[in-house]
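Biologist: Please take me closely through the charged and nonpolar parts of the surface of this model, and add whatever helps to place them beside buried positions. I would like one connected account, with the cut-offs stated as you go.

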Amino acid sequence: MAAEKRENWGSSLGFILAIAGSAIGLGNVWKFPYITGMNGGGAFVLVYLFCIFLLGVPIMLCEIAIGRRTGKDAYGAFKALQLRRSRLANLFGVMLLASGIYLLATGGYGFAFITLVSALLLLKIGFAAVGLWSLLAAMLILSYYSVVGGWILEYVWKSFSGGLNFENVQDAGEAFGAFVDNPHRVAMWHLFFMGLAALMLIGGIQKGIERWSKILMPALFLLLVAVLIRSVTLSGAGAGADFFLRPDFSKLSAEGALVALGHAFYTLSLAMGITITYGSYLAKDRNIFSSALWVVLLDTVVAVMAGLAIFPAVFAMGFDPAAGPGLIFRVLPATFNHFPGGMGWLWAGLFFLMLTIAALTSTAALLESGVTFLIDQFRVPRLPAILLVYVSIGSLGLLACYSTTGWEHIPGVKSFLAAVFGGDFTVNYTNWFDLLDAFTSNWMLPLGGFFTAIFVGWIWTVRKAGRELRLGAGDVVDSNLITLLSGFAGEPRYRMSRNQGLTVMTLWGLLIRYAAPVIILILFLKAVGVPVGF
Ligand code: PHE
């Protein structure tokens with residue numbers, strides 16, 4: 001047992017803002033608004049909320065509880081909670097082994113290798129493998145997320161120096177293309193951006209991440225409110241709000257529901273070890289339920305506000321929205337440039353500053369997962385741990401910088417990938433972003449979520465996890481929901497009894513043991529191309 005006491009968050013607010021900082025990121029600003037506009041506006045938001053509450057919140061509760069119970073990094077936490085070798089882990093291990101052998105026989109060596117290594121890991125160290133996976137996912141995501149952070153910094157710079165005065169989307173697009181085709185500059189910004197995030201961690205939890213989150217998150221909110229107000233007061237703004245939020249149930253498809261489900265995971269930064277890591281610094285008397293609800297509320301509000309800052313402006317200036325990075329780096333610069341009064345540069349600058357903050361706090365969270373792992377598992381002091389993650393993952397990120405416009409900038413990588421993963425691979429994935437985004441979002445995150453739910457629901461058991469969740473939460477979580485919601489909770493005759501039926505706690509147990517694994521499995525099978533009936 002480590003003699004040293006683990007540092008804690010100084011306040012619930014600090015914890016909530018730090019987790020919100022990890023959750024609120026690029027996903028909220030460029031992904032959520034667009035997928036909402038495409039999939040039926042307000043109708044999609046309803047489905048999204050449903051997914052957030054059905055899956056997002058219950059799994060977030062699991063992760064915080066796993067972290068707080070063990071006071072360890074993601075790997076150490078799973079390892080500590082798994083009392084002995086589990087038959088379930090062996091079963092999954094054998095299933096993976098069989099798939100790996102099948103892949104080997106059918107020629108996908110690269111995929112076979114990854115599957116076999118995962119299988120052996122599961123067989124060897126059981127569910128601790130899930131902790132390692134989530135850390136790996138965090139590090140892989142970090143390596144390209146920070147590159148996008150660097151792009152954003154370039155755009156802050158360009159806004160304030162008057163470099164975003166584009167007549168139309170095409171000009172803006174060409175400028176963006178020329179920028180990413182200059183990998184040295186991109187690499188410089190990427191290393192600078194990740195350096196900023198690393199600086200946030202130096203002071204530790206309270207004096208580092210918490211202090212910075214308490215400054216940066218309110219700043220983000222204010223900037224967003226300012227841009228939103230400017231945007232919705234432009235003449236012709238209504239069409240944008242209409243595109244974004246008007247409920248259109250005819251556009252809501254099964255596909256859309258899957259998109260909502262996937263995004264719920266991504267936006268809450270689940271299955272990446274982050275929430276476990278942050279939870280490991282949480283004091284026992286803090287209320288996990290209310291913290292999680294606050295985080296989800298803030299995350300959702302910011303996503304909706306981002307949409308209201310973006311689309312009204314885009315439509316008012318007569319442009320069409322585009323998907324993904326195109327919206328931010330091509331359409332928006334041209335949009336801002338047409339703002340009345342010649343002040344477009346200022347609004348562009350404020351918007352990109354807001355986006356910088358959003359990406360920065362998420363990057364810091366990703367870094368911290370790796371740093372806490374090194375501290376807990378290898379007793380590396382904090383500063384060298386930060387440096388180690390910075391240098392190694394920063395270097396890995398160079399692959400993203402140098403492959404944005406194709407693999408050609410990096411000698412040998414293309415033929416290597418083609419040899420290992422098959423001929424089509426480098427055609428389908430033309431850069432490190434696409435490759436890692438697909439691999440982490442479609443495979444690692446769903447699988448991580450699935451195993452987290454299985455682990456808490458069936459291995460650690462909801463009863464033990466529930467004991468952790470109850471600390472600091474009060475009786476309310478064990479009150480009958482009907483009694484509670486109907487307002488009778490305080491009455492003596494409705495006092496808690498041994499048979500309470502549906503409570504917050506039992507509802508959570510049902511969701512974790514049954515709903516989450518089943519839903520995620522269906523999503524996963526669908527995403528990897530298995531026909532599952534819809
Ligand atoms: N939740 C972040 C977002 O919405 C995405 C993210 C993923 C952040 C992974 C950190 C780690 O953008």
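Modeller: What follows goes from the surface patches to the salt bridges, and then to some buried positions and a loop.

The model is a predicted one, in which local features need pLDDT of at least 70 and side-chain atom pairs count only at pLDDT 80 or more, while totals for chains, interfaces and linings use all residues. Residues are numbered from 1 along each chain as its sequence is written, and side-chain values use heavy atoms, with hydrogens and water left out.

I begin with charge. Arg69, Arg84, Arg87, Arg463, Lys464 and Arg467 together form a positive surface patch. A patch is built from residues with over 30% relative accessible area and no salt bridge, where like charges are joined within 9 Å and nonpolar side chains (Val, Leu, Ile, Met, Phe, Trp, Tyr) within 5 Å. Lys and Arg count as positive and Asp and Glu as negative, whereas His and the chain ends are not counted; the place of a charge is taken as NZ of Lys, CZ of Arg, CG of Asp or CD of Glu. The accessible areas themselves come from the Shrake-Rupley method with a 1.4 Å probe, and for residues only the protein chains shown count as cover.

With three residues, helix H21, which covers residues 462-470, gives the most to this positive patch. Helices (H or I, at least four residues) and strands (E, at least two) are DSSP runs numbered from the N terminus. Lysine 464 belongs to helix H21, and lysine 464 counts as partly exposed because its relative accessibility is 35%. For these classes, buried means under 20% relative accessible area, exposed means over 50%, and partly exposed lies in between (1.4 Å probe, protein chains only).

The nonpolar counterpart is made by Trp458, Leu502, Leu507, Leu510 and Tyr514, which give a surface patch of about 450 Å². Helix H23, residues 504-527, supplies the largest share of the nonpolar patch, again three residues. Tyrosine 514 is located in helix H23, and with a relative accessible area of 42% tyrosine 514 is partly exposed.

Salt bridges are the next layer, and the structure holds 10 of them, each being a side-chain nitrogen of Lys or Arg within 4 Å of a carboxyl oxygen of Asp or Glu. Among them is the pair of aspartate 478 and arginine 470, whose closest N and O atoms are 2.6 Å apart. Aspartate 478 counts as buried because its relative accessibility is 14%, whereas arginine 470, with a relative accessible area of 35%, is partly exposed. Another pair joins arginine 246 to aspartate 242, with 3.1 Å between the closest N and O atoms; here arginine 246 is exposed at 52% relative accessibility, and aspartate 242 is partly exposed at 35%. In a further pair, glutamate 408 and lysine 414 have their closest N and O atoms 3.7 Å apart, glutamate 408 counting as exposed at 57% relative accessibility and lysine 414 as partly exposed at 38%. Salt bridges also link Arg68, Lys284 and Glu468 in a network.

Now to a buried position. Alanine 77 sits in helix H4, residues 74-81, and counts as buried because its relative accessibility is 0%. Leaving aside residues up to four places away in sequence, alanine 77 touches Ile66, Thr70, Lys72 and Ile276, where contact means heavy atoms within 4.5 Å. Alanine 77 is 444 residues from leucine 521 in sequence, and their C-alpha atoms are 24 Å apart in space.

The last stop is the loop between helix H12 (254-267) and helix H13 (274-279), where serine 269 lies. Serine 269 has a phi near 55°, a positive value in a residue other than glycine, and at 5% relative accessibility serine 269 counts as buried. Alanine 271 is placed in the loop between H12 and H13 too; although alanine 271 is not a glycine, its phi is positive, at about 60°, and its relative accessibility of 4% makes alanine 271 count as buried. Alanine 254, by contrast, has its place in helix H12 and is partly exposed, with a relative accessible area of 36%. From alanine 254 to leucine 417 the separation is 163 residues in sequence and 34 Å in space, C-alpha to C-alpha.
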